[in-house]
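Q: I would like to learn how to read a model of this kind feature by feature, going from single residues to strands and then to the contact between chains. Could we take it step by step?

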Amino acid sequence: MTIEIDNLRISFGDKEVVKGVSFNVAKGASFGIVGESGSGKSTVLRAMAGLNNEWSGRIAFSGENAPLYRPPAFFRKVQMVFQDPYGSLHPRQTIDRILSELPLVHCMDNIDDRIAKVLSAVALPMSARFRYPHQLSGGQRQRVAIARALIAEPEVLLLDEPTSALDVSVQAEILNLLADLRVERNLTYVMVSHNLSVIAHLCTEVGVMIDGHMVEQVTAEDLRLGNVNHAHTRELRSLSVELEEPA
Amino acid sequence: MLVEIKNLHIGFESRTGFAPAVKGVSLTLGTEKLGIVGESGSGKSLTARALMKLLPKQTRIEADKLEFDGIDILSASEKQMRTIRGKRAGFILQDPKYSLNPVKTIGSQVAESWRAHKGGSKRAALEAAINLLEMVKIRDPRKVASAYPHEVSGGMGQRVMIAMMLAPDPELLIADEPTSALDATVQAEILRLIEELVSERGMGLLLISHDLPLVSHFCDRVAVMYSGRVMEELKASELLSAQHPYTRGLLNCMPSLIHPKERLPVLTRDPEWLK
């Protein structure tokens, strides 16, 4: 599924937080958005997912303009994974119940099979199926969150800081899982993160946001080599590089 | 030595039995910057909290030695602890959103911590608070002093927390993940600020973090914790060339901007490490 975003503007009340963002993502590609808190990166992602109706401009999936209010079929194609696995799973529902919500709403068949398949796709043991979220570790919970998105058999995954609440050791596992899933299922990713190295690892193209503007779009390769033009990109890059190099 | 910990054990009594969390940690700290790194659940925060006796009732603490500047923490009374907490050892917590009182102005909170330790009139305390806010490099301290916590950014909130800790001139600063809720640019500023203040005032610093590269840049020494034990202790400058397989594993599984990896190596945990 190709994604086209054209001159997207989002305001909360009188305050404009996204001021004309445009970018394109090819089918099967992965696009990263970096920026500091308050730069509007998550707001862009939420508008794409249909979680925000106060936007203007153009959001198109496969060349088709997304309407302000999305039809149910849209959510079969586009799914979102949130930052905090502690906050995004219902604490009083078992994993089985959480995962069966979407298939029930969309009247899908073989729910039992689908859940078993999706659990094995994210490498969760079957024993996790009838547990509650608090009985799982942070990494396992994030796997459940990814499984919940995958059960819709989507073509696009929108990832909002999928690893920033996790330890680096668990982050590595989740990033590997996301990379594998993209190849296996030919998914298109749009990922938001404040961590440049995570973005560069998973994405081939990166957009840098500051104060509601996307000031630069570079390939991950150019970002690694330092072929960047905007001062903010350079600042973010040098901070990231400085930390990597030994003191 | 400012802090001496020898063979510290911390565990929790529960309905279903006893759960050990820290299993024999030994550390010493003088007027230097010591970093404790490890994954969540490794016991790094518990160790710091035990030092201030800030653990819930059902916790069982045992140690051969747990001393702050020669005072035995285990046998210290609550009254004695109150002369240490805040006054002699400051504690900076992770998220300023949850650590500041949302219904009081920032100035009045900093002033309160000043008055609690130094006394004086309300007006003098407020002036002192504004001075402190200036010291942590807040540009318009008067304006920030009359603002409420929700009106300032995360980085500003963390500066305010640091200002509160500085009020009584502590000898030790314990910072528990002081920057993990902040952006990269702000994170660097806050750490630089902490570093400056620590070296200017000759304080000891205990920096707890899960971010290895960060700690290697800002500390003198680093203790790596895993599953309630200290795996190794080494000079911060040598952290990136550490030998222990756990430390190596943690370093390897981080994605890198300059040295791209096709696939991230995953940490395999060896039961041998815990023997």
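Q: Which residues does B:Met135 touch, once residues up to four places away in sequence are not counted?
A: In this predicted model, B:Met135, whose place is in helix α5 (residues 122-135) of chain B, touches B:Ala163 and B:Leu166 when residues up to four places away in sequence are left out. A separation along the chain can also be set beside a separation in space: B:Met135 and B:Glu238 are 103 residues apart along the chain, and their C-alpha atoms are separated by 32 Å.

Q: Why is B:Met135 classed as partly exposed?
A: The class rests on a count of neighbours, with 20 or more other C-beta atoms within 10 Å needed for a buried residue and 12 or fewer for an exposed one. B:Met135 is partly exposed because it has 16 other C-beta atoms within 10 Å.

Q: How should I read A:Arg46 in the same manner, and what separates the C-alpha atoms of A:Arg46 and A:Asp160?
A: A:Arg46 is found in helix α1 (residues 41-48) of chain A, and it is partly exposed because 18 other C-beta atoms lie within 10 Å. Its C-alpha atom is separated by 8.8 Å from that of A:Asp160, although the two residues are 114 residues apart along the chain. Not counting residues up to four places away in sequence, A:Arg46 touches A:Leu51 and A:Asn52.

Q: Where do positive phi values occur in residues other than glycine, for example at B:Lys137?
A: Such a residue is best read together with its place in the chain and its exposure. B:Lys137, with phi near 65°, lies in the loop between α5 and α6 (141-145) of chain B, and it is partly exposed because it has 15 other C-beta atoms within 10 Å. B:Glu177 is not a glycine either and has a positive phi of about 45°; this residue lies in the loop between β8 and α8 of chain B and counts as partly exposed because there are 17 C-beta neighbours inside 10 Å. A further positive phi, of about 55°, is taken by B:Lys53, just after α1(B).

Q: Is helix α1 (residues 44-51) of chain B mostly covered or mostly open?
A: One reads a helix by going through its residues in turn, and here seven of the eight residues of α1(B) are buried, so that the helix counts as mostly covered. The buried residues are B:Lys44, B:Ser45, B:Leu46, B:Thr47, B:Ala48, B:Ala50 and B:Leu51.

Q: How many residues of strand β9 (residues 204-209) of chain B are buried, and what does that say about its faces?
A: For a strand, the two faces are read separately. Six of the six residues of β9(B) are buried, with B:Gly204, B:Leu206 and B:Ile208 on one side and B:Leu205, B:Leu207 and B:Ser209 on the other, so both faces are covered.

Q: Which strands pair with β9(B), and in what sense?
A: Strand β3 (residues 33-37) of chain B pairs with β9(B) in the parallel sense over five bridges, and strand β8 (residues 172-176) of chain B likewise pairs with it in the parallel sense over five bridges. B:Leu207 in β9(B) is the bridge partner of B:Gly35 and also of B:Ala175. Between β8(B) and β9(B) the chain passes through helix α8 (residues 184-201) of chain B, in a β-α-β crossover that is right-handed.

Q: Which residues have the most contacts inside the largest nonpolar core?
A: That core has 152 residues, and those with the most contacts inside it are A:Ala147, A:Leu158, B:Val110, B:Ala129, B:Leu133 and B:Leu206. Helix α7 (residues 154-166) of chain B gives the most to this core, namely eight residues. B:Leu133, leaving aside neighbours within four places in sequence, is in contact with B:Val110, B:Ile138, B:Pro141, B:Val144, B:Ala145 and B:Ala163.

Q: How many residues does each chain bring to the contact between chain A and chain B?
A: The contact takes 27 residues from chain B and 25 residues from chain A. On the side of chain B that touches chain A, α8 and α9 (212-218) each supply at least two residues, and the largest share, four residues, comes from α9(B). By type, the residues of this side are 16 nonpolar, eight polar and three charged.

Q: What confidence values accompany chain B and the complex?
A: Where pLDDT is low, predicted coordinates should not be read in detail. Chain B averages a pLDDT of 90, and 100% of its residues score at least 70, while the predictor gives the complex an ipTM of 0.83 and a pTM of 0.88.

Conventions: Residues are numbered from 1 along each chain as its sequence is written. Chains are lettered from A and ligands numbered from 1 in the order in which they are written. This is a predicted model: local features need pLDDT of at least 70, side-chain atom pairs count only at pLDDT 80 or more; totals for chains, interfaces and linings use all residues. Two strands pair if DSSP finds at least two bridges between them. A crossover is right-handed if, with the strands pointing away from the viewer, the path from the first strand over the helix to the second runs clockwise. pLDDT is the predictor's confidence in each residue, from 0 to 100. Two residues are in contact if their C-beta atoms, placed from the backbone, lie within 7 Å. Ala, Val, Leu, Ile, Met, Phe, Trp, Tyr, Cys and Pro count as nonpolar, Asp, Glu, Lys and Arg as charged, and the others, Gly among them, as polar. A nonpolar core is a set of buried Ala, Val, Leu, Ile, Met, Phe, Trp, Tyr and Cys residues joined through C-beta atoms within 7 Å.
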